[in-house]
Amino acid sequence: MIFPFVWRILPGPTALKVLELVVLLAAIVFVLFTWVFPWVAADILPPPDGTVDTSTPTP
């Protein structure tokens, strides 16, 4: 598994390792939401249907 490998390579005592993991996960989430997800939405997914019905509503 990847988690035991990451846990072993992080320096410091347990409390510092937990803090480092939280910062690492926050950085990964930030990168995903800033660059990866918008790229996927713009380049891979089909564009949304942007048509708007402009006909007058019937009462």
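What does the accessible surface of the chain come to, and what share of it belongs to carbon and sulfur atoms? The accessible surface comes to about 5,400 Å², and 77% of that area belongs to carbon and sulfur atoms. The legends below describe a predicted model.

**View 1. The whole chain, with 2 helices and 0 strands.**
The secondary structure of this predicted chain consists of 2 helices, with 0 strands. The chain is more spread out than a compact globule, because its radius of gyration is 22 Å, well over the 10 Å that the globule rule gives for 59 residues. Along the principal axes, the C-alpha atoms fill a box of roughly 70 × 25 × 20 Å. Of the 59 residues, 7% count as buried.

**View 2. Trp7 in helix H1 and the residues it touches.**
Helix H1 covers residues 2-9, and Trp7 lies in it. Leaving aside residues up to four places away in sequence, Trp7 touches Thr14, Lys17, Val18 and Leu21. Is Trp7 buried, partly exposed or exposed? Its relative accessibility is 26%, so Trp7 counts as partly exposed; the cut-off for buried is under 20%. Val22 stands 15 residues from Trp7 in sequence, and the two C-alpha atoms are 12 Å apart in space.

**View 3. A nonpolar patch on the surface.**
Which residues form the nonpolar patch? The patch is made of Val29, Phe30, Val31, Phe33, Trp35, Val36 and Phe37. Together these residues have about 710 Å² of accessible area. One of them, Val36, is found in helix H2, which runs over residues 14-44. Val36 has 32% relative accessibility and so counts as partly exposed.

**View 4. The rings of Phe30 and Trp35.**
The count of aromatic pairs in the chain comes to 3. In one of them, the rings of Phe30 and Trp35 have their centres 6.1 Å apart. Their planes are at 85°, so this pair is edge-to-face; planes over 60 degrees apart are put in that class. Phe30 has a relative accessible area of 51% and is therefore exposed, since the cut-off for exposed is over 50%. Trp35 also counts as exposed, at 55% relative accessibility.

**View 5. The rings of Phe33 and Phe37.**
How far apart are the ring centres of Phe33 and Phe37? The distance is 5.1 Å, and the planes are at 90°, so this pair is edge-to-face. Both residues lie in helix H2. They are 4 residues apart, which is about one turn of the helix. Phe33 counts as exposed, with 57% relative accessibility, whereas Phe37 is partly exposed, with a relative accessible area of 40%. Both Phe33 and Phe37 belong to the nonpolar patch of View 3.

**View 6. Asp49 in the segment after H2.**
Asp49 has its place in the segment after H2. With 68% relative accessibility, Asp49 counts as exposed. How many residues apart in sequence are Asp49 and Leu24? They are 25 residues apart in sequence, and 37 Å apart in space from C-alpha to C-alpha.

Technical notes: Residues numbered from 1 in each chain as written. Predicted model: local features only at pLDDT ≥ 70, side-chain atom pairs only at ≥ 80, totals over all residues. Heavy atoms only, no water. Rg over C-alpha atoms; globule rule 2.2 N^0.38 Å. Buried < 20%, exposed > 50% of the residue type's maximum accessible area, 1.4 Å probe, protein only. Areas by Shrake-Rupley, 256 points an atom, 1.4 Å probe, with all protein chains shown as cover. Patch = residues over 30% accessible without salt bridge, like charges linked within 9 Å, V, L, I, M, F, W, Y side chains within 5 Å. Salt bridge = Lys/Arg side-chain N within 4 Å of Asp/Glu carboxyl O. Phe/Tyr/Trp six-rings, centres within 6.5 Å; stacked < 30°, edge-to-face > 60°. Contact = heavy atoms within 4.5 Å.
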